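Biologist: Please take a close look at one part of this model, the aromatic residues that sit together, and then place that part in the rest of the chain. A first-year student should be able to follow the answer.

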Amino acid sequence: MTITPDAVRVFAPAKINLFLHVGDKRADGFHALQSLVVFAGAGDELTFELADGISLVLEGLFAGVLSADTDNLVLKAARALASRSACEQGARITLTKNLPVASGIGGGSADAAASLRGLARLWDLDVSQDLLHEIGAILGSDIPVCIASVPAWMEGRGETVTAVNVPGAAMVLVNPGVAVPTGKVFAALKERRGVGMPLPPIMKSVPELIAYLKTTTNDLEAPAREIAPVIGEVLDTLATQQGVMLARMSGSGATCFSLFESDAAANNAAAKISKQNPGWWVAATAA
Ligand code: C5P
């Protein structure tokens, strides 16, 4: 289908949890979290065109595993924004799904956040960033941090977001093709670090960032590995590449990332991993 030249285009970058500590379960059933989040160069793409009613068209590598029904987070976000801003305009949304789904890199949340940003522009709404945050927080824990999509310190259930500076680094993302439901991973959690970390110090170089990250963990890695043991294989593969500085799982998995000392090292590792594991989704990127 052709997209009109005046369509609004929005990029929905993959969200990477450089670390993720889990605290107690709160009264609302969600766990308290602390996480340092960055956004990758890899992501989904969305376009928004004025239309009658709100509809969604899916395209791209991972479009087949999603359905464009009313449960889709992009549509839920669109409807919530229309209702909160009393907007009666419609939109035809096209989502090019480049990121694996249910994979710990916020694909659905990034898309929902992009939907809020894109429609606010398309419909020319006078809505604050705070209102977009508020709508996003109702729909999913990872959506608020994806509204601005800048490096952030995330707390609460995910609704408290503080922008921070994080040195950019070359990165490889690997997903082994298993969908790991977030709720199931939280339910299998046994050991957790708690949420007592202060805000991160100012870090000016990648080695400083790595030293800091080595004092942290992803608490969801152990339960996710129990549910999907292939995650252990992905982490071992990433950790043994030349030039790798850190290999870790993002979010509730199964996507893992590694940080590299150079773009060349990341590109080489991605090419090698891809060749050896043709069923895995592999992306060399930066964050
Ligand atoms: O908010 P979201 O829909 O992403 O959460 C999916 C599931 O993950 C929740 O139903 C809950 O079981 C778990 N979760 C949690 N604590 C959080 C975020 C998610 O327990 N802070």
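Modeller: Phe 19 is buried, and Tyr 212 is buried too. This is a predicted model, and everything below describes that prediction. Phe 19 and Tyr 212 form an aromatic pair. Two values describe such a pair: the distance of the centres and the angle of the planes. For Phe 19 and Tyr 212 the distance is 6.2 Å centre to centre, and the angle between the planes is 70°. The pair counts as edge-to-face because planes over 60 degrees apart are put in that class. Phe 19 belongs to strand β1 (residues 8-25) and Tyr 212 to helix α6 (residues 206-213), so the pair ties together parts that are 193 residues apart in sequence.

The count of aromatic pairs comes to 2. Phe 19 and Tyr 212 also share one aromatic cluster with Trp 153. Another ring, that of Phe 30, has a charge over it: the charged end of Arg 157 sits there, 3.8 Å from the ring centre.

The next step is the nonpolar cores. In soluble globular proteins, nonpolar side chains tend to be buried together. The largest nonpolar core has 66 residues. Ile 93, Leu 119, Trp 123 and Ile 231 are those with the most contacts inside this core. Helix α2 (residues 107-122) gives the largest share of the core, 8 residues. At least three residues of the core come from each of domain 1 (2-163) and domain 2 (170-286). A second, separate core has 29 residues, among them Phe 19 of the aromatic pair. Ile 16, Ala 40 and Val 164 are also included in this second core.

Leu 119 can be followed through its contacts. Leaving out residues up to four places away in sequence, Leu 119 touches Phe 48, Ala 78, Leu 81, Ala 91, Ile 93, Asp 124 and Leu 125. Ala 82, in helix α1 (residues 73-84), touches Ile 54, Cys 87 and Trp 123, with the same residues up to four places away left out. Ala 82 has a relative accessible area of 10% and is therefore buried. The C-alpha atoms of Ala 82 and Lys 184 are separated by 32 Å, and the two residues are 102 apart along the chain.

Met 171, in strand β7 (residues 170-175), counts as buried because its relative accessibility is 1%. Among the residues that Met 171 touches, not counting those up to four places away in sequence, are Ile 16, Leu 18 and Val 38. Others on that list include Phe 257, Ser 258, Leu 259 and Ala 266. Distance along the chain and distance in space are separate matters: Met 171 and Thr 160 are 11 residues apart along the chain, and their C-alpha atoms are separated by 26 Å.

Now the whole chain. The secondary structure comes to 9 helices and 10 strands. The domain assignment gives domain 1 (2-163) and domain 2 (170-286). Between the centres of domain 1 and domain 2, taken over C-alpha atoms, there are 22 Å. The contact takes 31 residues from domain 1 and 38 residues from domain 2. Of the contacts between residues at least 6 apart in sequence, 75% join residues at least 24 apart. Buried residues make up 54% of the 287 residues. A compact globule with 287 residues would have a radius of gyration near 19 Å, and the chain agrees because its value is 19 Å. Along the principal axes, the C-alpha atoms fill a box of roughly 50 × 45 × 35 Å.

A few backbone details remain, and they concern loops. Ala 86 lies in the loop between α1 and β4 (90-96), and its phi is near 50°, a positive value in a residue other than glycine. Ala 86 counts as exposed because its relative accessible area is 66%. Ala 102 is in the loop between β4 and α2, with a positive phi near 45°. At 45% relative accessibility, Ala 102 is partly exposed. The peptide bond from Gly 253 to Ala 254 is cis, with omega near 10°. Ala 254 is in the loop between β8 (244-249) and β9 (256-260).

Technical notes: Residues are numbered from 1 along each chain as its sequence is written. This is a predicted model: local features need pLDDT of at least 70, side-chain atom pairs count only at pLDDT 80 or more; totals for chains, interfaces and linings use all residues. Side-chain values use heavy atoms; hydrogens and water are left out. A nonpolar core is a set of buried Ala, Val, Leu, Ile, Met, Phe, Trp, Tyr and Cys residues joined through side-chain atoms within 4.5 Å. Buried means under 20% relative accessible area, exposed over 50%, partly exposed in between (1.4 Å probe, protein chains only). Helices (H or I, at least four residues) and strands (E, at least two) are DSSP runs, numbered from the N terminus. Domain bounds come from an automatic or database domain assignment. Contact means heavy atoms within 4.5 Å. Rings of Phe, Tyr and Trp (its six-membered ring) pair if their centres lie within 6.5 Å; planes under 30 degrees apart count as stacked, over 60 as edge-to-face and the rest as tilted. A charge sits over a ring if NZ of Lys or CZ of Arg is within 6 Å of the ring centre and within 35 degrees of the ring normal. The radius of gyration is taken over C-alpha atoms; the globule rule is 2.2 Å times the number of residues to the power 0.38.
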